[in-house]
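Got the viewer open? Let's take a walk through this structure together, one selection at a time.

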Amino acid sequence: MQSFAKLLFVFGLLALASASPTKIQKRGVYKVERVPNPNFTGRNGPRALLKTLRKYRMPIPASLTNAAQGQNEMISKRQNRRKGKGKGHKKGGAAAAAGNGQAAATGSAPNGTGLVTNTPEANDVEYLSPVNIGGQTLNLDFDSGSSDLWVFNTQLSNAATQGHTVFDPAQSKTFQLMQGASFEISYGDGSGAAGNVGTDTVDIGGATVTGQAVELATAVSQSFVQDTNNNGLLGLAFSQLNTVQPAPQKTFFDNVKSSLAEPLFTADLRAQAAGAYEFGAIDTSKFTGAMTWVPVNTTDGFWQFTSEQFAVNGGQPQTSTAGAQAIADTGTTLLLADPAVAQAYYAQVDGAVNDQQQGGFTFPCNAQLPDLQLDVGGNMATVKGTDINFAQVDDQTCFGGLQATPAGLQVYGDIFFKSNFVAFNGGNNSLGFAQHV
C-alpha cells in the first residue's frame, strides 16, 4: 500500500491541475452493443422508484423504503425456489467469453468502427457497457443524468471490491494523478462515491480520448459494493454537472464529440433484446418514420425539455402542468411523470390503485395497459403499454413503470427508452426520438 501511495505521489507531481485531453484518436463511428443478461432474476419496483427519488433528491414516502426491502425478500424467495428446482443459469455468449463477468471487445473494423458487447444488469435496472481505461476493461453504467466517470479501483478495501473488476492505476502506463483534485457524487437508492482523480486513456468501442479525467473511488456506498455487475459509472450529461473539485472536468462525450463523424450519441435500449449505444452516427434501421428533433435546455446540465401535455391510448391531448420540464435519463429505470399524467393513465387501467404500502401505482398483472403519449418539446412520443408493466409484486399484482414525480421535475428513464430510439446531439444541443422498430 505504501508503494502504491508513493506511485500516486509521483504521478501527481507529473499531472496538471485540470484534465486536458492531449489526443483524440480515430474520427468516425463507434458502437457499444447490448446483449440480454443471462443472470436475470426479478424486478423490484419500489427499489427502482426509491433509487430515482434519491438520485434527484425528491421527497420519499415513508412506506417506500419498507416496500423496497419487502420486495427484496420476495425476490430472494423466488430465487431460492428456482435454485431448489435445479434451474441454474448457464454461462455463455459474451458473459462466458469475458470470464470474470466483463464483456469483451469483439473487434475493430478497418473503417474505424469499433464494436463491443453491452450487458444489461439483472432485471433491466442498468445497461452496462465495457469501457477500456489504461488498457483495463471494466463494465460501467452509461448515465445521461450525471457527468462523472468514476470507477472501482485498488485503493478500495478487499471487502468493498470483492466480486468486482477493479482498475489498477499502477498497472496503467498512461495514468497520471491530478494533485489536489477530488470528487464526491450521490446517486439513487442513497448510493454514492467519493475519492481522488487522475487522467488516463479511455476507449469506448474504438473512440479513444487520451488524458480523460477518471475518478478513483476511495469510498463507495454499500449498494454499489453489493452490485458486482457494475464497476462504476460513465456520465453522459453536460460537463457542468461534473463534481470534481477544485475544477470540474469534461465528460468523455464532450472530449470526444469533435472527433466523431457527427457530434452525437444514440441510445437503442430495448427490453431484454439486442440494443446499443452508438457514438457518431444514427442507425436509421433501428426506428420507424422520421426522427423528431427538439431543443434541450442545458441550464441545469441535463438533457432537459418541456413536457406539459399527454394523452392516453391516442386520445385527446391533455395539459398536466403548464411549463412542466422533463429530462432524458438512461441511468434511471422508471418513468416519473407529472402526477396528473400518472393519475389519468391508471384511471384507464382496471384494478389499478396508488398503493401506499407498495409506494406507488400497482395493477393486476393480467391488465391490458394502454399506450401513453408524452409531450417531448412540443411533439408527442409514444410509450407502449407493454413497456409500462415493470415488476411483479406478488402472484397477481404488478408495479407500474410509470410513477408520479413528487417534485416538479419529470424523469424519463428506461421505460421511455424501451419504446423509443433516442439521439443526443451535442453539436446543437438537441434531442431526437423515434419509435423503435
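Start by selecting strand β10, residues 192-204. This strand is mostly covered, with 11 of its 13 residues buried. One thing to keep in mind as you look around: this is a predicted model.

Now add the partners of β10. On one side of the pairing list is strand β9 (residues 176-186), which runs antiparallel to β10 and is joined to it by 7 bridges. Click on Ser186 and you'll find it standing opposite Gly192 in β10. Then bring in strand β11 (residues 207-220), which is also antiparallel to β10, this time with 11 bridges. Here, pick Val202 and look across to Val209 in β11. Follow the chain from β10 into β11 and you trace a hairpin with 2 residues between the strands. Stop at Gly205 in that turn, where phi is positive, at about 60°.

**Zooming out**

Show the whole protein chain for a moment. How many helices and strands does it have? There are 10 helices and 30 strands. Of its 437 residues, 56% count as buried. The chain exposes about 17500 Å², and carbon and sulfur atoms supply 50% of that. If you look at contacts with a separation of 6 or more, residues 24 or more positions apart account for 71% of them.

**Rings**

Next, colour the aromatic residues. The count comes to 20 aromatic pairs. Try Trp150 and Phe152 to begin with: their ring centres are 5.9 Å apart and their planes meet at 35°, so this pair is tilted. Is Trp150 buried or exposed? Trp150 is buried, at 0% relative accessible area, and Phe152 is buried at 0% too.

Move on to Phe305 and Tyr412. Their ring centres lie 5.8 Å apart with the planes at 55°, so this is a tilted pair as well. Phe305 sits in strand β16 (residues 304-306) and Tyr412 in strand β28 (residues 410-412), so the pair ties together parts that are 107 residues apart in sequence. Both Phe305 and Tyr412 are buried.

Keep those two selected and widen the view. Ring pairs link them into a cluster whose members also include Phe238, Phe252, Phe253, Phe265, Phe279, Trp303, Phe416, Phe417 and Phe424.

**A serine with aromatic company**

Two members of that cluster, Trp303 and Phe424, turn up again around Ser430, so to speak, in its contact list. Select Ser430, which is found in strand β30 (residues 430-435). Ser430 is buried, with a relative accessible area of 7%. What does Ser430 touch, leaving out residues up to four places away in sequence? The list is Trp293, Val294, Pro295, Val296, Trp303, Ala423, Phe424 and Asn425. Show side chains here and you can also pick out a polar contact of 2.6 Å between Ser430 and Asn428.

**The disulfide**

Now hunt for sulfur. The count comes to 1 disulfide, and it joins Cys365 to Cys398, with 2.1 Å from S to S. A disulfide is a covalent bond between the sulfur atoms of two cysteines. Turn the view to look along the bond: with 105° about S-S, the link of Cys365 and Cys398 is right-handed. Cys365 lies in the loop between β22 (360-364) and β23 (372-376), while Cys398 is in strand β26 (residues 397-400), so the pair ties together parts that are 33 residues apart in sequence. The two ends are covered to differing extents: Cys365 counts as partly exposed at 25% relative accessibility, whereas Cys398 counts as buried at 5%.

**Last stops: a glycine and a helix**

Select Gly401, in the loop between β26 and β27 (402-404). Gly401 counts as buried, at 0% relative accessibility. Beyond its neighbours within four places in sequence, Gly401 is in contact with Leu334, Leu335, Tyr346, Ile388, Phe390 and Ile415. You can also draw a C-alpha to C-alpha line from Gly401 to Asp414: the two are 9.0 Å apart in space and 13 residues apart in sequence.

One of those contacts, Tyr346, takes you to helix α8 (residues 339-346). Which residues of α8 are buried? They are Val341, Ala342, Ala344, Tyr345 and Tyr346. Finish at the start of the helix, where a side-chain oxygen of Asp338 reaches to within 2.9 Å of the backbone nitrogen of Ala340.

Conventions: Residues are numbered from 1 along each chain as its sequence is written. This is a predicted model: local features need pLDDT of at least 70, side-chain atom pairs count only at pLDDT 80 or more; totals for chains, interfaces and linings use all residues. Side-chain values use heavy atoms; hydrogens and water are left out. Helices (H or I, at least four residues) and strands (E, at least two) are DSSP runs, numbered from the N terminus. Buried means under 20% relative accessible area, exposed over 50%, partly exposed in between (1.4 Å probe, protein chains only). A polar contact is a pair of N or O atoms within 3.5 Å; within protein, one must be able to donate a hydrogen and the other to accept it, and residues adjacent in sequence count only if both atoms are side-chain atoms. Contact means heavy atoms within 4.5 Å. Rings of Phe, Tyr and Trp (its six-membered ring) pair if their centres lie within 6.5 Å; planes under 30 degrees apart count as stacked, over 60 as edge-to-face and the rest as tilted. A disulfide is a pair of cysteine sulfur atoms within 2.5 Å. Accessible areas come from the Shrake-Rupley method with a 1.4 Å probe; for residues, only the protein chains shown count as cover. Two strands pair if DSSP finds at least two bridges between them.
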